[in-house]
Amino acid sequence: MEVPGARSHYKLVAGKEALVSVVYRVTQECPRDEIFGLTSQLRRAAVSVPSNIEGAARNGSKEFEQFLNIAIGSISEIETQLLMAVDLGYLAEDASVFALLEQVSKLVNGLWKSVRP
């Protein structure tokens, strides 16, 4: 059985992989004492996005929407945590990071909308 929108997740490959790379790169700027705090949270949330999209693509339609919901939540978490890191002075505000985050968010939300009944 073909899951609606299942092939659509391939459009996200470049964006989701870039998101993980960017988050890992920018969190290298965080203080060493944040390695088990904000840095770790940001990295886990970033890895969660592609992991859940892949999980959505592999599983049946029953769980597809739930995996995408988790990915959307992780994207929101990354945005919040990046803003906190900027406010705390751990990271410089980088518009390109937020633009990439917005792009991936739009793609995941579009995929989510396409599989909803």
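Start with Ile78. Leaving out residues up to four places away in sequence, Ile78 touches Leu19, Val23, Leu42, Ala45, Ala46, Val49 and Leu101. This is a predicted model, so please hear every contact I mention as a computed one.

Ile78 also appears in the list for the largest nonpolar core. That core has 31 residues, and the members touching the most other members are Leu19, Leu68, Ile78, Leu82 and Val108. Which elements give two or more residues to this core? They are helix H1, residues 13–27, helix H2, 38–58, then H3, and helix H4, 95–115. As a general remark, nonpolar side chains in soluble globular proteins tend to be buried together.

Now the overall layout. The protein has four helices and zero strands, and along the sequence the pattern reads α-α-α-α. Of its 117 residues, 42% count as buried. The exposed area is about 6600 Å², with carbon and sulfur atoms supplying 53% of it. On contacts: take those between residues at least 6 apart in sequence, and 72% of them join residues at least 24 apart.

Next, a polar residue on H3, the helix that spans residues 61–87. Ser74 lies in that helix. Is Ser74 buried or exposed? Its relative accessible area is 5%, under the 20% cut-off, so Ser74 counts as buried. Once neighbours within four places in sequence are set aside, Ser74 is in contact with Ala45, Ser48 and Val49. Two of those names you have heard already: Ala45 and Val49 are also among the residues that Ile78 touches.

Over to helix H4, where Leu100 is found. Leu100 has a relative accessible area of 13% and is therefore buried, the limit being 20%. How far apart are Leu100 and Ala18 in sequence and in space? In sequence they are separated by 82 residues, while C-alpha to C-alpha they are 8.1 Å apart.

Last, the charged side chains. A search of the whole structure finds one salt bridge. The partners are Lys106 and Glu102, whose side chains meet at 3.3 Å, N to O. Both sit in helix H4, and because they are four residues apart there, about one helical turn separates them. As for surface, Lys106 is exposed, with a relative accessible area of 56%. Glu102, at 46%, is partly exposed.

To close, back to the core: H1, H2, H3 and H4 each give two or more residues to it, and Ile78 is one of the members with the most contacts to other members. Questions, please.

How values were computed
Residues numbered from 1 in each chain as written. Predicted model: local features only at pLDDT ≥ 70, side-chain atom pairs only at ≥ 80, totals over all residues. Heavy atoms only, no water. Buried < 20%, exposed > 50% of the residue type's maximum accessible area, 1.4 Å probe, protein only. Contact = heavy atoms within 4.5 Å. Core = buried A, V, L, I, M, F, W, Y, C linked by side-chain atoms within 4.5 Å. Areas by Shrake-Rupley, 256 points an atom, 1.4 Å probe, with all protein chains shown as cover. Salt bridge = Lys/Arg side-chain N within 4 Å of Asp/Glu carboxyl O.
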